[in-house]
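Student: Got a minute to go through this one with me? I'd like to start broad and then poke at a few details.

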Amino acid sequence: MYKKVLPIVIACLLLLMAGCENYETYGDKKEKERDAINSFISLMDINVISEAQFKAQGETTDTARNEFVLFNRNGVYMQIVRKGHGEKVPENKSVNVLCRFMEYNIMQDSVLVRNDQRFVLYSTATGKYDASQFIDRLTVKRTGTTITASFVSGMMYQYHGSSSVPAGWLVPLNYIGIDRPDPAVDSDDEIAFVRLIVPHSQGTADATSSVYPCYYEITYVKDR
């Protein structure tokens with residue numbers, strides 16, 4: 001009996017040891033994420049600046065130098081390509097904001113979801129070509145210095161199955177104008193446009209649970 005049981009015990013111990021060797025702790029995953037972000041910054045030749053320098057430059061980033069400001073409190077990196085038109089999100093008032101974006105998983109080197117390619121579908125209801133269903137709609141509210149938001153519709157809502165807006169998406173709303181541009185000018189040149197590197201803790205529920213960072217390109221403009 002002993003001779004029969006011993007090989008089984010040894011086999012179980014070997015399997016347990018192999019499992020322990022392959023097990024990744026949360027700390028291991030965070031370290032891999034940091035390495036992935038640093039590699040991405042190096043690959044994209046990004047010049048990281050401090051919040052102090054960002055403020056000294058009038059809360060702008062020099063795109064010619066490919067500057068991204070790092071917010072130490074949340075680990076988000078941001079580049080403001082265009083500041084946008086008009087005022088920021090008003091205090092104590094809900095507004096609807098339209099976003100076009102691209103979401104890229106840095107660790108997997110792949111685009112997860114996007115709505116910035118401006119493809120359209122023919123609507124039998126209106127008899128017109130309509131791209132509005134692909135634009136992500138957010139309800140945004142500022143209370144003091146706190147900004148909250150939820151997805152109403154769009155690709156992020158469908159892909160991730162959640163109305164929760166990643167905290168990283170809300171960071172730019174402290175620095176950009178979201179008013180609709182003057183129709184007399186080229187609207188694309190007036191709409192706020194940012195690039196972000198968002199760690200898992202400030203990302204989607206999927207990113208948070210799987211511990212991966214994302215790179216985003218996003219435009220923001222107030223809904224009509």
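Tutor: Sure, we'll take the overall fold, then a pocket, then a couple of backbone oddities. Keep in mind that this is a predicted model.

Student: How many helices and strands does the chain have?

Tutor: There are 6 helices and 13 strands. Of the 224 residues, 38% count as buried.

Student: And what share of the contacts with a separation of 6 or more comes from residues 24 or more positions apart?

Tutor: That share is 60%.

Student: What about the surface, how much area does the chain expose?

Tutor: About 12,700 Å², with carbon and sulfur atoms supplying 52% of it.

Student: Switching to pockets: what's the volume of the second largest one?

Tutor: Its volume is about 220 Å³.

Student: Which element gives the largest share of its lining?

Tutor: Helix 2, residues 26–43, with 5 residues. The full lining is K30, E33, R34, I37, N38, N74, G75, Y77, P199, H200 and S201.

Student: How does that lining split by class?

Tutor: You get 3 nonpolar, 5 polar and 3 charged residues.

Student: Now the backbone. Where is D109, and what's its phi?

Tutor: D109 is in the loop between strand 5 (94–105) and strand 6 (110–114). Its phi is near 50°, a positive value in a residue other than glycine.

Student: Is D109 buried or exposed?

Tutor: Exposed, because its relative accessible area is 57% and the cut-off is over 50%.

Student: And V211, what's its phi?

Tutor: V211 has a positive phi too, about 55°, and is not a glycine. V211 is in the loop between helix 6 (205–210) and strand 13 (214–222).

Student: Buried or exposed, that one?

Tutor: V211 counts as buried, at 5% relative accessibility.

Conventions
Residues numbered from 1 in each chain as written. Predicted model: local features only at pLDDT ≥ 70, side-chain atom pairs only at ≥ 80, totals over all residues. Heavy atoms only, no water. 1 Å grid on protein atoms, 1.4 Å probe; cavity = no way out; pocket = protein on both sides within 12 Å on 5 of 7 lines; lining within 4 Å. Points joined across faces, edges and corners; volume = space filled by probe spheres on them. Helix = DSSP H or I, 4+ residues; strand = E, 2+ residues; numbered from the N terminus. Nonpolar A, V, L, I, M, F, W, Y, C, P; charged D, E, K, R; others polar. Buried < 20%, exposed > 50% of the residue type's maximum accessible area, 1.4 Å probe, protein only. Contact = heavy atoms within 4.5 Å. Areas by Shrake-Rupley, 256 points an atom, 1.4 Å probe, with all protein chains shown as cover.
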